[in-house]
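Let's take a friendly walk through this structure, one spot at a time. Have a look at it first, then read on.

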Amino acid sequence: MDSENSLATAEAHFGKLLNSRTIPALGGFRMLAVFSVVLAHAGYSGLFSARHGVSGFFVLSGFLITWLLLQEYETHKTVSLKHFFLRRAYRIFPAYYAFLAFSISMDLWRGNSDIEPLIWPGVFYLVNYYNAIEGHASASIAHAWSLAVEEQFYLIWPVLFLFLVRRGQAWLVAGLLGLILLVASWRSIAFSVLDLGPSYVYNAFDTRFDNLAVGCLLAVLLKRQLFQRIGTVLAWWAWTPLVTLALLHLSRQVSSAHYAYGPAFTLDAVLMAVLLVQLIQLGQGRWWCWLNHRVAVYFGAVSYPLYLYHIWGLQIGRKLTAALPVTFQLGTGIMVGLLMAMASYHLIERPLLEKKVRYTPSLSRDTPS
């Protein structure tokens, strides 16, 4: 009886966390994701995985966007697509196009002709398909492929969400499960049967949408008491995230390319969803409270511009400290990237957040940031 009461109490607490204005630990989760990418691109790929960092961002984006769409639909029985797109535009475009202008100008100035064929794909959020077809270029915007995937998701998912949710929650769940299985199957066929190559399956929206859809499905399922209880059990002990991280590490150790460019992306996204559920609940506990520390929250807030500028930061860090050990090069590169990210966040993004709020719907309860 005591264990049942404890489970019920923990479950109720989880529900409150999900419906709080700012869901805890998300800033820390963003921080972990972005530094996984930064450190992997700095040459520490043996310890840190850009694959998992990007997957974490995709899952989190799918979760938050769908959670907000569900909140709006529950309150108003519809979703304003116009306001959704305006909110995304204010949040994403200014920092992105400022980065694009800076990067293209600098690459052209230093004579890097590899940037030239990427200019228009960058402008129209098609870097992912450029990379998919041509391979990753040696240009400072090649990593914007993941932002292109997210932008394509923002264009498609709200419309598809409305189509499914108006037919009932069962349609929404079944639709997402079907899409996840369809994309996962197509990716394996594209790589293992059609031999489209790793660049295509790694970058293309049609082979990566399942990562975002896993986050979408997580949001839909966590609206149900049964899955809130399952989520509570997954975070029952403070060490459970370590098991999830170990499984992510083991997934990455599988040497088969058919696995790595096939089911691995989907399984990694599922594990990232589990990790997200665990950290939301454990982020206020003794061992994981650092995820909610103001430093972690701030790094999470600047994770988007840090992702944009981290390549520049690492390159500048190497040049400034070329005669020093690699640890100094890494530290300098991270600091430069952070300074560029902070400038973008405070000078470009934050001044526009007030305008973004104008298009945020009034909901029946607080929503996550």
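## Two unusual turns in the backbone

Alanine 25 is buried, as its relative accessible area is just 2%. Keep in mind as you read that this is a predicted model. You'll find alanine 25 in the loop between helix H1 (2–18) and helix H2 (26–41). What stands out is the backbone: alanine 25 has a positive phi of about 75 degrees, although it is not a glycine. Most residues other than glycine have a negative phi.

Aspartate 195 is another non-glycine residue with a positive phi, this one near 55 degrees. Aspartate 195 sits in the loop between H8 and helix H9 (198–203). Is it buried or exposed? With 64% relative accessibility, aspartate 195 counts as exposed, because the cut-off for that is over 50%. There's a glycine to mention too: glycine 135, just after H6, takes a positive phi of about 90 degrees.

## Salt bridges that link parts of the chain

How many salt bridges are there? The count comes to seven. One of them joins the side chains of glutamate 72 and arginine 87, at 3.9 Å from N to O. Glutamate 72 belongs to helix H3 (residues 50–76) and arginine 87 to helix H4, so this pair ties together parts that are 15 residues apart in sequence. Both glutamate 72 and arginine 87 are buried.

Next comes lysine 223, which forms a salt bridge with glutamate 74; their closest N and O atoms are 3.6 Å apart. Here the pair links distant parts of the chain, since lysine 223 is in the loop between H10 and H11 while glutamate 74 is in helix H3, 149 residues apart. Lysine 223 is partly exposed, with a relative accessible area of 23%, and glutamate 74 is partly exposed as well, with 35%.

Then there's arginine 91 and glutamate 349, whose salt bridge has its closest N and O atoms 2.8 Å apart. Arginine 91 lies in helix H4 and glutamate 349 in helix H17 (residues 326–357), so the pair ties together parts that are 258 residues apart in sequence. Glutamate 349 is buried, with a relative accessible area of 5%.

## How some helices pack

Let's move on to helix pairs. The axes of H7 and H8 come within 7 Å and cross at roughly 135 degrees. That angle makes H7 oblique to H8. On the H7 side, the contact is made by Trp157, Leu160, Phe161, Leu164 and Val165, and on the H8 side by Gln169, Trp171, Leu172, Gly175, Leu176 and Leu179.

H11 and helix H14 (residues 263–282) make another pair, packing at an angle of about 80 degrees with their axes 9 Å apart. H11 is therefore roughly perpendicular to H14. Where they meet, H11 brings Gly231, Thr232 and Leu234, and H14 brings Val274, Val277, Gln278 and Gln281.

## Helix H6 and what surrounds it

Which residues of helix H6 (residues 127–134) are buried? They are Val127, Asn128, Tyr130, Asn131 and Ala132. These buried residues pack against H5, H7, H9 and helix H10 (205–221).

## A closer look at two helix residues

Leucine 179 is in helix H8 (residues 169–193). At 21% relative accessibility, leucine 179 counts as partly exposed, because buried means under 20%. Leaving aside neighbours within four places in sequence, leucine 179 is in contact with Leu160 and Phe209. The C-alpha atoms of leucine 179 and valine 214 are separated by 9.5 Å, and the two residues are 35 residues apart along the chain.

Glutamine 152 is in helix H7 (residues 145–165) and counts as buried, at 11% relative accessibility. Again leaving aside neighbours within four places in sequence, glutamine 152 is in contact with Tyr125, Leu126, Asn128, Tyr129 and Phe205.

## Out at the surface

A nonpolar surface patch of about 800 Å² is made by Trp236, Trp237, Trp239, Leu242, Val243, Leu245, Leu247 and Leu250. Take tryptophan 239 from that list: it lies in the loop between helix H11 (225–234) and helix H12 (240–253). Tryptophan 239 is partly exposed, with a relative accessible area of 48%.

Finally, proline 117 lies in the loop between helix H4 (81–109) and helix H5 (119–123). Proline 117 is partly exposed, at 40% relative accessible area. The C-alpha atoms of proline 117 and valine 274 are separated by 39 Å, with their positions 157 residues apart along the chain.

Methods. Residues numbered from 1 in each chain as written. Predicted model: local features only at pLDDT ≥ 70, side-chain atom pairs only at ≥ 80, totals over all residues. Heavy atoms only, no water. Helix = DSSP H or I, 4+ residues; strand = E, 2+ residues; numbered from the N terminus. Buried < 20%, exposed > 50% of the residue type's maximum accessible area, 1.4 Å probe, protein only. Contact = heavy atoms within 4.5 Å. Patch = residues over 30% accessible without salt bridge, like charges linked within 9 Å, V, L, I, M, F, W, Y side chains within 5 Å. Areas by Shrake-Rupley, 256 points an atom, 1.4 Å probe, with all protein chains shown as cover. Salt bridge = Lys/Arg side-chain N within 4 Å of Asp/Glu carboxyl O. Axes fitted to C-alpha atoms, helices over the stretch in contact; angles between N-to-C directions. Parallel < 35°, antiparallel > 145°, perpendicular 65-115°, else oblique.
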